[in-house]
Each structure stands twice: as structure tokens, then as C-alpha cells.
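Reader: Please take one helix of this model and go through it closely. I would like its surroundings described first, and the aromatic rings of the chain afterwards.

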Amino acid sequence: MTHVIKKGVIGALLLSATQVAAQGTLEDGTIQVGTDLTYPPYNYFNDGGEPAGFDVEFMSAIAKKAGIEAEFLDTRFENLILGVNGSQFDVIASTLYVKPERAEVIDYIPYMKTGVSIAVAADSGNSYSSPEDLCGAVVGSIKGAAWLEEFAAMNEGVCADKPIDSREFPTSPEVTQALLSGAIQAQVEDSAVLGNAVNALDGRITVSSEEQFYSVIVGLGVRRDNTALADSIRAAISEMDVDGSYQALLDKYHVDRPTEAEFMQAVGQ
């Protein structure tokens with residue numbers, strides 16, 4: 001179910017010669033953004049109950065370039081693609097990993113690159129430094145996570161004798177709660193998300209992996225037949241690139257921009 005949570009008022013900005021005009025939105029003057037606001041630091045509610053995080057700042061900046069408002073709709077991750085294709089909102093901005101099967105049903109606009117880490121409860125005595133160390137362990141992930149396919153492949157290969165018991169949860173905080181309760185032995189999650197959880201929980205969980213793995217490309221998602229909106233968003237991002245605000249946001253959250261080659265590889269081309 002989708003809930004309208006907050007209208008991020010960007011302001012009635014006059015279009016300048018350098019600004020782009022947003023086209024293809026469901027409502028004139030507004031871009032409606034589907035995002036799962038349970039995923040700090042990328043998308044979440046701040047202490048004041050307002051949408052916050054990388055994706056919120058990014059989409060607000062895009063809307064500002066287009067002289068329109070951004071409206072954020074809190075939608076669980078598993079319902080995001082259904083929502084954008086069902087015209088419940090205009091665009092997905094929710095740390096959506098680029099995957100070939102998703103590229104067949106939505107138009108991706110790549111904008112970020114990140115990686116994955118492993119966390120354990122600090123008092124559990126468990127420690128996993130690499131994915132291969134997870135063979136035989138009970139491992140929790142957010143539902144629909146990109147690395148679940150990697151686990152399935154490992155269970156037919158390196159973990160065939162001791163398969164990973166992979167369990168999925170609706171949200172990342174629920175995975176972390178399962179980790180703290182002992183229901184799972186490890187949590188696999190985006191590195192920045194786990195870092196945020198470690199800080200928020202005062203060290204009750206800890207990152208045990210030594211390096212990021214499963215480097216992933218992240219993209220906005222637009223309905224495939226909505227080329228007008230996709231072009232408007234790409235034009236706004238190009239303007240952010242020129243004025244430096246795009247790179248400044250990437251630097252703020254310690255993430256990188258993907259190359260075209262990395263994106264093409266992520267979609268299987």
C-alpha cells in the first residue's frame with residue numbers, strides 16, 4: 001500500500017534559460033517519487049518526521065532544476081516497480097539496484113554505485129569476512145535484494161555441502177532486529193546502510209567483512225513508455241553535473257557515480 005507522507009516544497013521557481021522543463025509527470029508541477037523510507041542513510045524519516053537521505057536530496061535537487069515540487073510516497077521496496085508501472089507515482093528513487101530482469105520492465109537512469117557488507121551481533125561470537133564464510137549460516141536480507149541470486153548460485157557451488165539458510169524480511173530494520181534477537185547469524189546489506197545501523201545501535205552490531213563485495217549500480221526507475229519524463233530527469237542530472245551539486249552529493253554520502261560500461265554490464269549487455 002502506498003501512503004502520501006510529505007510534499008517536499010521546492011518552491012515556485014521561475015524557469016531560467018538553463019533550467020529544464022519536467023514532462024510526463026502524472027500531475028502538472030509535481031514529480032511523485034516512490035521510495036521506501038525505511039532505508040537510512042539513503043531514504044528514511046528524520047527526527048522531525050520528514051523524508052530525508054540521499055535519494056530525497058537527489059530527487060529534490062532534480063525537481064528544483066525543473067522548477068517543480070517533489071512529493072515522496074512511502075512505498076515498501078517489493079511494491080516499487082509495480083507502483084511505477086501502475087502509475088501510482090512517476091519515478092522510483094529508493095536505492096534500486098540495477099538488474100537485467102528489472103531493466104526489461106522499467107527504464108533505468110543510473111546515478112550511484114555502492115557495495116555490500118556483512119554484519120553480526122557484537123556479542124554473538126560470529127564473524128564472516130567474505131561471502132564464502134557464510135556457507136552453513138542463517139543469513140538475513142531485505143526482500144528482493146540483488147545478492148540473493150549470488151547466494152542461490154553459491155548453494156549450488158561452493159556452499160553445496162553447507163548451504164546458506166537465506167531468509168528475507170520486508171525492511172532492513174527488521175533484518176537488523178532479527179540479528180539482534182539471534183534469529184539470524186548474519187545480515188548482508190548495503191555498506192552505507194550497515195554503517196548507519198552500527199552507529200545508531202551504539203555498536204550492538206558490527207561489520208565483520210573486511211571489504212565491500214558485490215559492487216552494485218543504483219538507478220532511478222521510470223515507466224518504460226514515459227520517455228518524456230526520463231529525458232527531463234536526465235537533463236536535470238546533466239545540469240547538476242555542470243554546477244557541481246551532483247558530485248557534492250555523492251561525496252557527502254561516500255558513494256561513487258557509475259560508468260556507462262558498468263551500467264551496461266549490470267543490465268547484462
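Author: What follows is a description of helix α6, set in the chain as a whole, and then of the aromatic pairs.

The model is a predicted one. The chain has nine helices and 13 strands. For 269 residues, a compact globule would have a radius of gyration near 18 Å, and the 19 Å of the chain agrees with that. Along the principal axes, the C-alpha atoms fill a box of roughly 60 × 40 × 35 Å. Of the residues, 49% count as buried. Among contacts between residues at least 6 apart in sequence, 77% join residues at least 24 apart. The exposed area is about 12,100 Å², of which carbon and sulfur atoms supply 49%.

Helix α6 covers residues 191-200, and S191, V193, L194 and A197 are buried in it. Viewed down the helix axis, the buried residues of α6 fall within an arc of 160 degrees, so they line one face. In general, an α-helix has 3.6 residues a turn, so residues three or four places apart point the same way. N199 and A200 lie on the other side of α6 and are exposed.

The buried residues of α6 pack against several elements: the strands β3 (38-39), β8 (106-121), β11 (186-190) and β12 (205-207), together with helix α5 (172-181). At the start of α6, the backbone nitrogen of A192 has a side-chain oxygen of D190 within 2.9 Å. After the helix comes D202, with a positive phi near 50 degrees.

Strand β8, one of the packing partners of α6, also carries an aromatic residue, Y111. The chain has eight aromatic pairs. One of them is formed by F58 and Y111, which are stacked, with 4.8 Å centre to centre and 15 degrees between the planes. This pair links distant parts of the chain, as F58 sits in helix α1 (residues 54-66) and Y111 in strand β8, 53 residues apart. F58 counts as buried because its relative accessibility is 0%. Y111 is also at 0% relative accessibility and therefore counts as buried. The rings of F213 and Y214 have centres 4.8 Å apart and planes at 80 degrees, so this pair is edge-to-face. F213 has a relative accessible area of 12%, under the 20% cut-off, and is therefore buried.

Ring pairs also build a cluster from F54, F58, Y111, Y246 and Y253. The stacked pair of F58 and Y111 thus brings strand β8 into this cluster.

Methods:
Residues are numbered from 1 along each chain as its sequence is written. This is a predicted model: local features need pLDDT of at least 70, side-chain atom pairs count only at pLDDT 80 or more; totals for chains, interfaces and linings use all residues. Side-chain values use heavy atoms; hydrogens and water are left out. Buried means under 20% relative accessible area, exposed over 50%, partly exposed in between (1.4 Å probe, protein chains only). Helices (H or I, at least four residues) and strands (E, at least two) are DSSP runs, numbered from the N terminus. The arc is that of the directions from the helix axis to the C-beta atoms. Contact means heavy atoms within 4.5 Å. A polar contact is a pair of N or O atoms within 3.5 Å; within protein, one must be able to donate a hydrogen and the other to accept it, and residues adjacent in sequence count only if both atoms are side-chain atoms. The radius of gyration is taken over C-alpha atoms; the globule rule is 2.2 Å times the number of residues to the power 0.38. Accessible areas come from the Shrake-Rupley method with a 1.4 Å probe; for residues, only the protein chains shown count as cover. Rings of Phe, Tyr and Trp (its six-membered ring) pair if their centres lie within 6.5 Å; planes under 30 degrees apart count as stacked, over 60 as edge-to-face and the rest as tilted.
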